[in-house]
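Grab a pencil and take a look at the model below. Then try the exercises before reading each solution.

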Amino acid sequence: MTEVLELLAVAKAAAAAGAAVLATRSEATATSGGSGGSADAVAGGLGIVNKGDAGDWVTAFDIAAENAVRGVITAARPQDIITGEEHGTTRPESPSGYRWSIDPLDGTTNFIRNIVYYATSVAVADPDGVWQAGVVHAPALGRVYSAARGHGAWLEEAGRRTRLSGPVPGRTGLIVASGFSYDPATRADQAAGLAGIMDGFADLRRLGSAALDLCMVADGTHDAYGERGLNEHDYSAGALIAEEAGCWVRTPRMTSPLDGGPSDEDRLAAWTCAGTLELSGKFPL
């Protein structure tokens, strides 16, 4: 087995560990009064804390899932660097040069409200910073999206494994997916530009999980996706999956988390996009 497939195997195991934590959500809400109970009871069961921006939440599940993901990666590859949404960057004493990017729960607001579009996202880059393997594991959907560089993109669902080939070229009724910032000024700017983005598309979808939006371009559900303001962990796995499905993909060129990451201004201005090649001109540079 080649190295990239070995990396993919670790990514799959790590994402599965995180998704297994997320899959226990119903047990937590049942203990606290169930999803039909009061908002305070559900919040208590999920361990919800606001990160500072309206709508930007973290739960006990985010943290537990990241711990589970890190545990699998560290056991398999103890010399790799790990960057995660909740725990930041961990550097071993003698780094291998490989670096993992973890979003333990992409779609936290969906998770809190029991909307099924959430997932654990895991990706790994080589010493040159090129993403080599990525997995997006969505337990409530029963889907595992994965890709290894040069080996295509795949969906595992209901016991079936299907190779992904992106949206159907030339079809009518095109759908674009996007998302909106928690920052009010950025959101107002996004809303003002929405008509231009929508030109040529029949409708818009906003699912609340960048990782799954990218995967759903890869599987042809969306025709295109474009969003400003993502963090690296939001798009790293999903973008590779879309790329390996044959899609046109553009990811931001921003300061690495190893160097402190981008400024908020740079991040909020940067676009992450995917779609068919003929739709590449639909998004601002």
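Here are three short exercises with worked solutions.

This is a predicted model, where local features need pLDDT of at least 70, side-chain atom pairs count only at pLDDT 80 or more, and totals for chains, interfaces and linings use all residues. Residues are numbered from 1 along each chain as its sequence is written, and side-chain values use heavy atoms, with hydrogens and water left out.

**Exercise 1.** Find which element gives the most to the largest nonpolar core.

Solution. Start with the term: a nonpolar core is a set of buried Ala, Val, Leu, Ile, Met, Phe, Trp, Tyr and Cys residues joined through side-chain atoms within 4.5 Å. Buried means under 20% relative accessible area (1.4 Å probe, protein chains only). The largest such core has 33 residues. Elements giving two or more residues to it include β7 (131-138), α8 (210-218) and α9 (232-244); helices (H or I, at least four residues) and strands (E, at least two) are DSSP runs, numbered from the N terminus. The winner is α8, with eight residues.

**Exercise 2.** Work out the strand order of the five-stranded open sheet, and name its edges.

Solution. The order runs β12-β11-β13-β15-β14, with mixed pairing; two strands pair if DSSP finds at least two bridges between them. At the edges sit β12 (203-205) and β14 (248-250), each pairing on one side only. Now zoom in on β14: its partner β15 (residues 271-275) runs antiparallel to it, over three bridges. There, tryptophan 248 faces glycine 275 of β15.

**Exercise 3.** Decide whether cysteine 273 is buried or exposed.

Solution. Its relative accessible area is 0%, so cysteine 273 is buried.

Methods:
Buried means under 20% relative accessible area, exposed over 50%, partly exposed in between (1.4 Å probe, protein chains only).
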